[in-house]
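I wanted to look inside this protein and note how its interior is filled. My entries follow the model.

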Amino acid sequence: MSKIVGIDLGTTNSLVAAVEAGIPYVIADADGRRLTPSVAHFPGPGQAPLVGAAAGRVRVVKPSETVYSVKRFMGRRGTDLPSEDRRVTYPLAADGGGAVTIPIHGEALTPEQVSAEILRKLKADAERALGEAVARAVITVPAYFNDAQRNATKLAGELAGFTVERIVNEPTAAALAYGLDRLKDKSRIAVYDLGGGTFDLSILELNQGVFQVLATSGNTRLGGDDLDARLTDFLVRAIDEAGGPRIEPAPEEAAVKARNLALIARVREAAEQAKIRLSTETEVEVVLPFLTPEFSFNRFVTRAELETLTRALIEQTRRHCVQALADANLAAGELDQVILVGGQTRMPLVRRLVAEWFGCAEFAETRGDVRLGDTFHTAAGPQLNTGQNPDEAVALGAAIQAEILAGGFQNLLLLDVTPLSLGIETFGGLMNVIIPRNSTIPIKAGEMFTTAVANQRSMLIHVLQGERERAADNWSLGKFEIDFEPAPKGVPRVGVQFEIDANGILHVLARDIKSGREKVVQMRSAVDVDDAAVQQMVEESVKHAFSDLRARRWVEAKLRATEAANATRNGLGQWRGELDAACVDAIESALKAVDGLLAAAAGENESGDPEALKAATGRLDEASQPLADLMMDKAMEALLQKRGVIG
């Protein structure tokens, strides 16, 4: 039987997850991205569509041929769409039966067909990663989706080549990912799910390991896209006031309309990026060069301005919270937990308001901007649990549901919580969290890792405890190695699973997926930690949050730059003679700039400007494209010669 994968088909991003060797994890694509933008670009008749990040890059250039946020139109009638839903840069129409269609290049695409293209990419990514055909899936939908929207989602899965084993509500999947199936019976949980295009609030009760939905309320036309629109409008007005071009539709002039669509797409993209950054920064600069040949725009936007623009939208979700509680005949104080799901819940204002509405007083009054990954216990009300990545929780839950359908996973019991996050050191000296702090135990969690160096024969598992980004700033619990066969970098797969038993003892398992060879090591107690030490670690993580984040961004940029520079040097050493002099000079100049930034930051407390290094690496990638093309041609020629196709 084919493996069953779990899929979160989202408005903004989509993900595919699986369980392998007992470890649920989100599958990355060939470029290492775990989030696939829910965007599809249709270049023309007979040409394969671009999907994901590649389509996102084209959206600004060809906005009328690039479809995004299509989840909003699944199972909907084109005649019933409100004006705010029509604010997309691609055309919308209705077929003879009134259903939404998207006319591009003379073809009336349906939302299901567009969604199927996104699902096909996820299917291909899963098959590449798992090394086998994947034909079965569990796909999630908002709890507030009606039958038409659910059937449309199932149809999209079938068009993509899946047998859709089950359509699962996103709140239920998120609850599984948070491990809430291990709570005591009759535990009641509210799932506040604010994604890119939809919102719902569900009240769940746990009965003998089964989640029963007591009530749900929501809005399938409210999400992060609407916040983007508010900020986009704000920037459009600011551009106009600064003497820039008037950006508004002009349907009577096709050329002007096309220009305005391109400008709107640029402003919208800048608005979305600014909104994301303002979840961790208090002020960002929006820079839009050459909106016209004579006019460039830049303006600082503060978190306070964003909150003023969007607060009314977020407050629209409150009535759904009140309605769901009333339908479940519960008061907020009778809930055990409120969990936050969906990328938009990273926004500090969302967290403060939800905490206030449900009575999580400590978070609302004193901890509003604490970093992602904390659960807050208060006497006044339920716990506000943000212990999972809000972008990935639904996909992981779908994978767990898929494994349950396949006969795996057993119920566990709630006994205690972890005081600090647990993880391992990854290449570059960073900490990768596997079990976030305040996770209930007993608990199992894990991730899949691979090698960063060719022909490695072993992997060092360095187990850490703490809240800082860099491994050196956290506490070491122990180290051990697991051996495996040497292979090119990125090929070996090692599953690392953490299990904390009922006594708070941490057992770490590392398994080579290819050979099945594994090693299990018992560490010291992961729960018995002095309260003062825990408090100091948490306070230090908040105090150093910005510097730690910058350090992580620098390390990630350095790893990417070093890899690109080494590959370029090796390529030049072999094929310099087959490139023209101007191309070689451009490559060497770009290589020198990267090396200079790396050298300037070298030292005991190495740090540099990650954005400058990313930009320099991008210029190196561009300059070395002819070299990359040449190397690809040579590799293909060698392969054909080996197979005897050419002499």
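These are my notes on the cores first, then on the cavities.

Entry 1, the model. I am working from a predicted model.

Entry 2, the largest nonpolar core. I looked up its membership and found 52 residues. Y192 and F358 touch the most other members. I kept in mind that in soluble globular proteins nonpolar side chains tend to be buried together.

Entry 3, F358. Which residues does F358 touch, leaving out those up to four places away in sequence? I listed A190, L201, C321, L325, A332, L335, V338 and P382.

Entry 4, another core. I then found a second, separate core of 42 residues. Among its members are A18, F73, L122 and A156.

Entry 5, cavity count. I searched for cavities of 30 Å³ or more and the structure holds three.

Entry 6, the largest cavity. I noted about 40 Å³ of space in the largest cavity. Its lining consists of L15, V16, I27, A28, D29, R33, R34, T36, L122 and D125. Two elements, β2 (13–20) and α2 (111–130), each give two or more residues to this lining. I sorted the lining by class and got five nonpolar residues, one polar and four charged. L122 turns up twice in my notes, as a member of the second core and in the lining of the largest cavity.

Entry 7, the second largest cavity. I have its volume as about 40 Å³. What lines the second largest cavity? I found L9, K71, M74, T140, V141, F145 and T153 there. By class, that lining has four nonpolar residues, two polar and one charged.

Methods
Residues are numbered from 1 along each chain as its sequence is written. This is a predicted model: local features need pLDDT of at least 70, side-chain atom pairs count only at pLDDT 80 or more; totals for chains, interfaces and linings use all residues. Side-chain values use heavy atoms; hydrogens and water are left out. A nonpolar core is a set of buried Ala, Val, Leu, Ile, Met, Phe, Trp, Tyr and Cys residues joined through side-chain atoms within 4.5 Å. Buried means under 20% relative accessible area, exposed over 50%, partly exposed in between (1.4 Å probe, protein chains only). Contact means heavy atoms within 4.5 Å. On a 1 Å grid over the protein atoms alone, a cavity is a set of points where a 1.4 Å probe fits but cannot get out, and a pocket is an open set with protein on both sides within 12 Å along at least five of seven lines; lining residues have an atom within 4 Å of a point. Grid points are joined across faces, edges and corners, and a volume is the space filled by probe spheres set on the points. Helices (H or I, at least four residues) and strands (E, at least two) are DSSP runs, numbered from the N terminus. Ala, Val, Leu, Ile, Met, Phe, Trp, Tyr, Cys and Pro count as nonpolar, Asp, Glu, Lys and Arg as charged, and the others, Gly among them, as polar.
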